[in-house]
Every structure is written in structure tokens, then in C-alpha cells.
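Have your viewer open and a pencil ready. Try each exercise before you read its solution.

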Amino acid sequence: MAELYEVKQEREKVILVGVKEQEDDDTEKSLLELMELAKTAQADTLATFIQNRESAHPGTYIGKGKIEEVSQAVCELGADGIICDDELSPAQMKNLEAALGCKVMDRTMLILDIFAQHAVTREGKIQVELAQLKYRQTRLIGMRDALSRLGGGIGTRGPGEKKLEVDRRLIKSRIAQLNRELSEVKKNREVARSLRSKNPVPVVAIVGYTNAGKSTLLNYLTGAGVLSQDMLFATLDPTTRNLKLAGGEEILVTDTVGFIRKLPHHLVDAFRSTLEEAKYSDLILHVVDASGEEAETQMHVVYETLYQLGIKDKTVVTVFNKMDLADPDRMIKDRRADCAVRISAKTGEGVEKLLEKIGEILKEKQVLLEKVFLYNESGQIALVRKYGQILAQEYREDGIFVSAYVPKELYHSLVG
């Protein structure tokens with residue numbers, strides 16, 4: 001009988017490179033985040049380099065002197081390649097690779113690689129492959145020499161892996177096919193949304209920076225069992241679950257993909273239908289990691305991404321999460337939110353208060369129904385109890401009097 005051997009995946013060794021264009025920009029923090037992204041992609045960071053320049057070099061991203069420094073570090077440390085903290089142009093990538101003699105990756109390639117590893121659903125996989133192909137299409141010319149020596153690792157994983165060696169015409173054909181498939185998936189999602197809009201169940205969308213604790217919160221509220229790990233982009237595909245509030249009314253809670261600074265536009269375009277779950281919600285829960293030093297920057301990124309998606313004029317409850325780890329003397333505020341609640345999705349601290357706040361806000365969006373139902377209309381009263389909040393119920397000779405707050409859609413169907 002043949003013996004089975006466990007094949008251990010070799011971790012890549014990389015060097016991170018960034019360009020600091022202004023004295024007060026956040027290049028150092030962005031590189032720390034890039035290091036976390038590399039770790040999520042199974043790569044170890046050996047060193048980091050930052051060059052102070054008015055702008056990135058148009059031909060090689062960094063200048064000649066810094067290229068020599070990085071090249072020396074690649075040789076001395078035995079690095080497999082470098083990762084640049086911005087999206088490189090095809091010329092920058094080709095020239096930098098020629099100058100360094102090693103694999104060159106950028107932030108977009110890294111994030112696409114992580115998405116390729118974590119996509120689970122058919123829609124998620126289509127979206128990732130589409131984003132990968134659009135990114136690679138512009139870089140096909142000039143990559144042909146490199147294709148023969150890409151032996152795996154970051155930038156070669158995922159559904160698009162087998163497409164690296166096809167020409168521009170075939171990539172264009174594949175993109176067209178994926179767009180058709182994605183169009184079908186979008187139609188199904190729109191049908192689901194249409195049915196949902198006829199259903200008076202309120203929808204609450206959870207948004208936030210990656211690794212802020214969105215999935216942990218969804219799991220705590222609904223027992224969804226969604227993967228929840230201390231890593232960037234642990235979950236990509238949206239998950240929707242039912243939740244019953246204390247007043248008895250039912251709501252739907254949807255988790256969405258996490259945001260990140262410099263989110264590649266290929267991904268924003270590809271995941272637009274998924275991210276737009278927030279657009280069709282009644283309420284947005286904006287989850288923030290209150291224990292991190294970057295909370296304010298991350299909140300800004302989330303609002304900018306929501307704005308980019310055309311999501312405006314929504315009621316936003318900012319949920320300052322991980323309060324069990326946060327500095328008690330540091331009080332973060334979100335002036336753009338309608339209100340804020342401080343919780344720990346891990347321990348459950350403050351979650352009851354959050355649920356109360358959700359109930360209060362949804363109640364404000366409801367209308368007061370006062371009606372006498374005939375005794376043979378008990379099914380309608382069951383709808384009121386399921387989707388609204390009954391304040392009073394009285395049995396009379398002519399029927400059952402009900403006073404309740406109900407969604408506007410249900411109100412019109414009951415009194416119409």
C-alpha cells in the first residue's frame with residue numbers, strides 16, 4: 001500500500017516597498033497593513049523600504065538608488081520577490097522586475113490573490129476571476145517572458161490561474177463569458193431583492209473595514225456559523241440570516257465583504273452587486289475596531305467606499321466593537337453616524353443595547369396600525385405579530401382590536 005505524505009505549502013519570503021509622497025501621509029501604517037495582507041496570503045515579510053519622493057517614479061515606481069538598496073536586500077535575505085504598496089502600471093512592473101531580477105507584485109495583485117483563496121460561492125468565484133482577468137489583461141504585453149518562470153505563489157492562485165498563458169483575444173472572450181454568467185447571477189439577486197421588497201421584513205446590513213468583527217457580530221446575533229478569524233478578508237461572500245428582536249418582530253441581517261484602503265477598482269466593480277446589499281437595506285450597522293489605532297482612518301475609508309457605491313442618506317449606527325480590548329480612556333466618535341453603540345461581539349457586552357437601538361430605529365420607520373380584525377382574519381394578525389410590534393390586543397364582539405407598529409408596506413396591504 002502506497003504511503004501518503006503531507007505536502008506542506010512553502011511560504012513565500014517577500015520585501016515590502018512603498019513611496020511616501022507627503023510628510024504627513026500614512027505610508028508607514030499602510031505598509032503595516034500590507035504586511036498583514038502578505039501574512040494572510042501565506043507570505044513572510046523580511047524587510048520594508050520606504051522612499052521619500054514627490055511622486056512614484058513613472059517608469060520603475062522607486063528611484064535608481066532605492067532599486068539598488070532593494071536589490072541588495074533581495075540577494076542578502078534570499079527574498080522570493082517584492083510587493084509594492086500601490087498598483088503598478090504594466091511598464092513599472094516590467095521595468096522593476098528587469099532591474100531587480102525577481103518577482104514583482106503590487107497591492108492589487110496581493111488582494112486579488114487573497115480573494116481568490118477565500119471565495120466560496122459561485123458568484124464570489126466569478127467576481128474574483130473577472131477582477132483577476134481585467135487586471136492581467138492590461139499587463140499581458142511584457143509579461144510573456146515572466147510567464148514561463150511563474151512557479152506559483154502570490155498572483156498565480158485562484159480561478160484565473162489557468163488563464164495567465166492565454167492571449168489577449170482569449171482573455172477578452174473569457175471576460176465576456178464571465179460577464180454573462182455574472183449577469184445571470186445578478187438577475188437572481190435582483191429577483192430575490194424584489195421578493196424581499198414585497199416582504200415587510202426590515203433588512204439590516206453590516207458593513208465595515210476588514211477584520212473589524214462583522215462576521216463575529218453576525219454569528220453572535222444569529223448563530224450563522226460564518227468563518228470568523230483574526231485575518232484580513234476571512235469572509236467574502238455575503239450571508240443573510242433571520243433575527244428576532246425582543247418585541248417579537250423579525251428582521252434580516254446581512255454581512256458584507258470588508259473594505260480596505262486602496263481597494264482595487266477592479267474589485268469594487270466586480271463586487272458592486274454584493275456590496276450594494278447595503279444600498280437596499282433599511283439600516284446600516286457600521287462595525288469599527290475600537291481597539292485599533294487606525295479606527296478613524298478606517299471609518300473614513302468605509303464612508304468613502306459607501307459614497308463610491310452611491311450609498312447615501314441611510315440611517316447608520318456605528319458599532320464600536322472589541323471594547324474588551326480597547327483603551328478605556330480613549331473615546332472614539334463618529335460624527336457622520338446617526339448614533340453609536342459600544343460592544344464586544346466576542347463577549348456579548350453591549351449587544352443587548354445594540355438590539356434595543358435597532359428596534360427603536362426600525363420602529364421610527366414604522367407606522368401605527370389600529371384596526372379591528374374579524375375573527376376569521378387571524379392570519380393577518382399573525383403577520384402583524386411577525387413583522388411588527390403589537391402594543392395592545394382586545395377581543396370585542398365585532399372582532400379583535402389590534403394596536404401595533406408595522407412596516408409601511410404591511411400597513412398599506414392591511415388597510416388597503
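Below are six short exercises, each with a worked solution.

This is a predicted model, in which local features need pLDDT of at least 70 and side-chain atom pairs count only at pLDDT 80 or more, while totals for chains, interfaces and linings use all residues. Residues are numbered from 1 along each chain as its sequence is written, and side-chain values use heavy atoms, with hydrogens and water left out.

**Exercise 1. The chain as a whole**

Find how many helices and strands the chain has, and what share of its residues is buried.

Solution. Start with secondary structure: helices (H or I, at least four residues) and strands (E, at least two) are DSSP runs, numbered from the N terminus. The chain has 14 helices and 13 strands. Next comes burial, where buried means under 20% relative accessible area, exposed over 50%, and partly exposed in between (1.4 Å probe, protein chains only). Of the 416 residues in the chain, 52% are buried. Finally, take contacts, meaning heavy atoms within 4.5 Å. Among those between residues at least 6 apart in sequence, 69% join residues at least 24 apart.

**Exercise 2. Helix 4 against helix 5**

Work out how helix 4 and helix 5 are oriented to each other, and which residues meet.

Solution. Axes are lines fitted to C-alpha atoms, for helices over the stretch in contact, and angles run from 0 to 180 degrees between N-to-C directions. Helix 4 (residues 107–118) packs on helix 5 (residues 122–137) at about 155°, with the axes 10 Å apart. That angle makes the two helices roughly antiparallel (under 35 degrees counts as roughly parallel, over 145 as roughly antiparallel, 65 to 115 as roughly perpendicular, and the rest as oblique). Their crossing is left-handed; the term applies if the near helix is turned anticlockwise from the far one by less than a right angle, and right-handed if clockwise. Now list the partners: Thr-108, Met-109, Leu-112, Phe-115 and Ala-116 of helix 4 meet Val-128, Ala-131, Gln-132 and Tyr-135 of helix 5. By class, this contact has seven nonpolar, two polar and no charged residues (Ala, Val, Leu, Ile, Met, Phe, Trp, Tyr, Cys and Pro count as nonpolar, Asp, Glu, Lys and Arg as charged, and the others, Gly among them, as polar).

**Exercise 3. Helix 4 against helix 1**

Repeat the analysis for helix 1 and helix 4.

Solution. Helix 1 (residues 27–40) and helix 4 pack at about 35°, and their axes are 10 Å apart. The crossing is left-handed. On the helix 1 side are Ser-30, Glu-33, Leu-34, Leu-37, Ala-38 and Thr-40, which meet Arg-107, Leu-110, Ile-111, Ile-114, Gln-117 and His-118 in helix 4. Sorted by class, the residues of this contact are six nonpolar, four polar and two charged.

**Exercise 4. Around helix 8**

Identify what covers the buried residues of helix 8.

Solution. First pick out the buried residues of helix 8 (residues 214–222): Lys-214, Ser-215, Leu-217, Leu-218, Asn-219 and Leu-221. Their cover includes strand 5 (203–208), strand 6 (239–244), strand 7 (250–255), strand 8 (283–289) and helix 12 (351–364). Then step past the end of helix 8, where Gly-223 follows with a positive phi near 65°.

**Exercise 5. Two loop residues with polar contacts**

Which side chains do Glu-294 and Ser-344 reach through polar contacts?

Solution. A polar contact is a pair of N or O atoms within 3.5 Å; within protein, one must be able to donate a hydrogen and the other to accept it, and residues adjacent in sequence count only if both atoms are side-chain atoms. Glu-294 sits in the loop between strand 8 and helix 11 and counts as buried at 13% relative accessibility. Its side chain makes a polar contact of 3.2 Å with that of Lys-29. Ser-344 lies in the loop between strand 10 (339–342) and helix 12 and is buried, at 1% relative accessible area. The side chain of Ser-344 pairs with that of Asp-324 in a polar contact of 3.0 Å.

**Exercise 6. Positive phi outside glycine**

Compare the settings of Gln-42 and Tyr-61: is each buried or partly exposed?

Solution. Most residues other than glycine have a negative phi. Gln-42 has a positive phi near 65°, and its place is the loop between helix 1 and strand 2 (43–52). Tyr-61 has a positive phi of about 70° and lies in the loop between strand 2 and helix 2 (64–77). Gln-42 is partly exposed at 31% relative accessible area, whereas Tyr-61 counts as buried at 1%.
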